[in-house]
Amino acid sequence: MSRALLVIDVQNEYFTGALPITHPAGHLEQILKAMDAAAGRVPVVVVQHHFSDPDKPFFQKGTPGWELHPEVASRPHDLLVEKTLPGSFTGTELEAWLRDKGVDTVTIAGYMTHMCCDTTARQAVHLGFTVEFLSDATGTLALSNSAGDVTAEELHRSILCAQQMMLSEVLDVQSWIARL
């Protein structure tokens, strides 16, 4: 098994911007723990989202909210992928880079559990990769819209259960590090 750690969208927008991640507690610390454990052992891919539509209120390239969280930005990584849609494979060099490196397993960390992490994990499965989804190194927030209301905890748990059902192996960072 040859794996790569995907650190998806750990950007300031989720800390100081319009989309504060609230669940699970300690999510950033677990992401950093995974990155530190991976350094020099497993390729680390940092993914950064931006919207090309200037009417979107967040993730505008060049703004403080778009910037990577300083703790992630200061850590080593093997590839920086810029994306404009929830899936990290859509319109990016990610798949070709992983295949060139002989990677067959991707490990998902970052934000948001229900959007970019879930989408990227599903894309990876469809492309033939094995997926590990880090339960305590992904995070989300409560949602309220015309479809209804859901707490961050409910949303996170729902996505983890769906991922574990047929797509990914869901595990915590400590268990993942033990595999390295």
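Does F59 count as buried or exposed, and at what relative accessibility? In this predicted model, F59 counts as buried, at 4% relative accessibility. The residue lies in the loop between β2 and α3 (70-73). Its backbone stands out as well: F59 is not a glycine, yet phi is positive, at about 55°.

F59 also belongs to the lining of the largest pocket. This pocket holds about 200 Å³ of space. It is lined by 13 residues, and those closest to its centre are H49, F51, F58, F59 and M115. Ten residues of the lining are nonpolar, two are polar and one is charged.

The sheet was examined next. Six strands form an open sheet in the order β3-β2-β1-β4-β5-β8, and the pairing is parallel. The edges are taken by β3 (79-83) and β8 (169-171). Each of these two has a single partner strand, so one side of each is left without a neighbour in the sheet. On average, neighbouring strands are turned by 25° against each other, direction ignored.

Two helices pack on this sheet. Helix α5, residues 113-126, touches β1 (3-8), β3, β4 (105-111) and β5 (130-139). The direction of α5 makes about 170° with that of β5. Helix α6, residues 152-166, touches β5 and β8. Its direction makes about 165° with that of β5.

Strand β2 covers residues 44-49. It is mostly covered, with six of its six residues buried. Burial extends to both faces of β2. V44, V46 and Q48 are buried on one side, and V45, V47 and H49 on the other. H49 is also among the residues closest to the centre of the largest pocket.

Pairing links β2 to strands on either hand. With β1, β2 pairs in the parallel sense over four bridges. Here the bridge partner of I8 is V47 in β2. With β3, the parallel pairing of β2 runs over five bridges. Across this pair, V47 stands opposite V81 in β3. Q48 has E82 of β3 as its bridge partner. H49 stands opposite K83 in β3. V47 thus appears in both pairings, with I8 of β1 and with V81 of β3.

The edge strand β3 has two unlike faces, one covered and one uncovered. L79, V81 and K83 make up the covered face. L80 and E82 make up the uncovered one. The β2 residues opposite V81 and K83 are V47 and H49. These two lie on one side of β2, together with V45. E82, on the uncovered face of β3, is the bridge partner of Q48, which lies on the other side of β2 with V44 and V46.

Backbone geometry singles out further sites. D9 lies in the loop between β1 and α1. Like F59, D9 is not a glycine but has a positive phi of about 55°. D9 is buried, with a relative accessible area of 0%. Two cis peptide bonds were also found. One runs from H23 to P24, with omega near 0°. P24 sits in the loop between α1 and α2 (27-38). The other joins Y111 and M112, where omega is about -25°. M112 is placed in the loop between β4 and α5.

Y111 also takes part in the surroundings of F15. F15 is found in helix α1, residues 13-16. Its relative accessible area is 27%. F15 is therefore partly exposed, since buried means under 20% and exposed over 50%. Leaving aside its neighbours within four places in sequence, F15 is in contact with V10, H27, L28, H69 and Y111. F15 and G65 are 50 residues apart in sequence. In space, their C-alpha atoms are 8.4 Å apart.

Technical notes. Residues numbered from 1 in each chain as written. Predicted model: local features only at pLDDT ≥ 70, side-chain atom pairs only at ≥ 80, totals over all residues. Heavy atoms only, no water. 1 Å grid on protein atoms, 1.4 Å probe; cavity = no way out; pocket = protein on both sides within 12 Å on 5 of 7 lines; lining within 4 Å. Points joined across faces, edges and corners; volume = space filled by probe spheres on them. Nonpolar A, V, L, I, M, F, W, Y, C, P; charged D, E, K, R; others polar. Pairing = 2+ DSSP bridges. Axes fitted to C-alpha atoms, helices over the stretch in contact; angles between N-to-C directions. Contact = heavy atoms within 4.5 Å. Buried < 20%, exposed > 50% of the residue type's maximum accessible area, 1.4 Å probe, protein only.
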